[in-house]
Amino acid sequence: AHVLLHSNRLMDTRYLKETVGDVLAIGLAEIALVKPTDPVEYLSQWLANHKKIQERAKKEKVLEEQLEEEKKRKELEEQKAELVAKERETIAVSSRENSKEPEDNLSEKVQDEKLAEENLLTDEEKAAATAAQQDATEIDS
């Protein structure tokens, strides 16, 4: 029976140390500094005030976490809105390009080929004109 009682006291002591040990140590240190006329009443008031402060700190922490989550959510919404705007712009540009007349819708390669053909005809025409002039000069001579 004695061993069982001693074991229970050790568990109770451990429990008290883990749950209220630090808070009581701070409160008792406060009593030692202030030396109130009614230390028990002072400690009870100090503990009640300490509890209010701890509850307020928990609430502030929860609010800060909620605020941080809201900021992240807002940033994600802004990023999504930017992506949607970019996609809409891409679609609009693509739509405008697809609605152009066929001449305007030719690829650069096709346009380059047409330009080369025009230059080739122009060169051929020049060569023909030069040959005709040479023939005319030979006839005159």
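Let me start with Leu28. This leucine sits in helix α1, and in this predicted model Leu28 is partly exposed, with a relative accessible area of 49%. What is Leu28 part of on the surface? Together with Tyr15, Leu16, Val20, Leu24 and Leu47, Leu28 makes a nonpolar surface patch of about 510 Å². Helix α1 gives the most to the patch, with 5 residues.

Tyr15 turns up a second time. The backbone oxygen of Tyr15 lies 2.8 Å from a polar atom of the Thr19 side chain. Thr19 is also found in α1, and at 41% relative accessibility Thr19 counts as partly exposed.

Now the overall layout. The protein has 3 helices and 0 strands, so if you look for a sheet you can stop, because the count of strands is 0. Along the sequence the pattern reads α-α-α. How much of the protein is buried? Of the 141 residues, buried ones make up 4%. The exposed area is about 13000 Å², and carbon and sulfur atoms supply 56% of that.

Next, the loop. Helix α1 covers 2–34, helix α2 covers 39–98, and Lys35 is in the loop between them. Lys35 has a positive phi of about 55°, although this residue is not a glycine. Most residues other than glycine have a negative phi. As for the surroundings, Lys35 is exposed, with a relative accessible area of 65%.

On to α2. This helix has 60 residues and reaches 87 Å from its first C-alpha to its last. The expected value, at 1.5 Å a residue, is 88 Å, and the model comes close to it. Which residues of α2 are buried? Leu43, Trp46 and His50 are buried there.

The structure holds 2 salt bridges. In one of them, the side chains of Glu55 and Lys51 meet at 3.7 Å, N to O. Both residues lie in α2, 4 residues apart, which is about one turn of the helix. Glu55 is partly exposed, at a relative accessible area of 39%.

Glu70 forms a salt bridge with Arg73, and the closest N and O atoms are 2.9 Å apart. Why are these two about one helical turn from each other? Because Glu70 and Arg73 are 3 residues apart in helix α2. An α-helix has 3.6 residues a turn, so residues three or four places apart point the same way. Glu70 is partly exposed, with a relative accessible area of 42%, and for Arg73 the value is 42%, also partly exposed.

Last, confidence. The protein averages a pLDDT of 80, and 65% of the residues score at least 70. Where is confidence lowest, and where is it highest? It is lowest in helix α3, residues 108–140, at a mean of 64, and highest in α2, at 91. Where pLDDT is low, the predicted coordinates should not be read in detail.

To put the pieces back together: the nonpolar patch includes Leu28, the loop between α1 and α2 holds Lys35, and the Glu55 and Lys51 pair lies in α2. The Glu70 and Arg73 pair is in α2 as well, and α2 has the highest confidence in the protein.

Definitions and conventions:
Residues are numbered from 1 along each chain as its sequence is written. Side-chain values use heavy atoms; hydrogens and water are left out. Buried means under 20% relative accessible area, exposed over 50%, partly exposed in between (1.4 Å probe, protein chains only). Patches are made of residues with over 30% relative accessible area and no salt bridge: like charges are joined within 9 Å, nonpolar side chains (Val, Leu, Ile, Met, Phe, Trp, Tyr) within 5 Å. Accessible areas come from the Shrake-Rupley method with a 1.4 Å probe; for residues, only the protein chains shown count as cover. A salt bridge is a side-chain nitrogen of Lys or Arg within 4 Å of a carboxyl oxygen of Asp or Glu. The expected span of a helix is 1.5 Å times one less than its number of residues. pLDDT is the predictor's confidence in each residue, from 0 to 100. A polar contact is a pair of N or O atoms within 3.5 Å; within protein, one must be able to donate a hydrogen and the other to accept it, and residues adjacent in sequence count only if both atoms are side-chain atoms.
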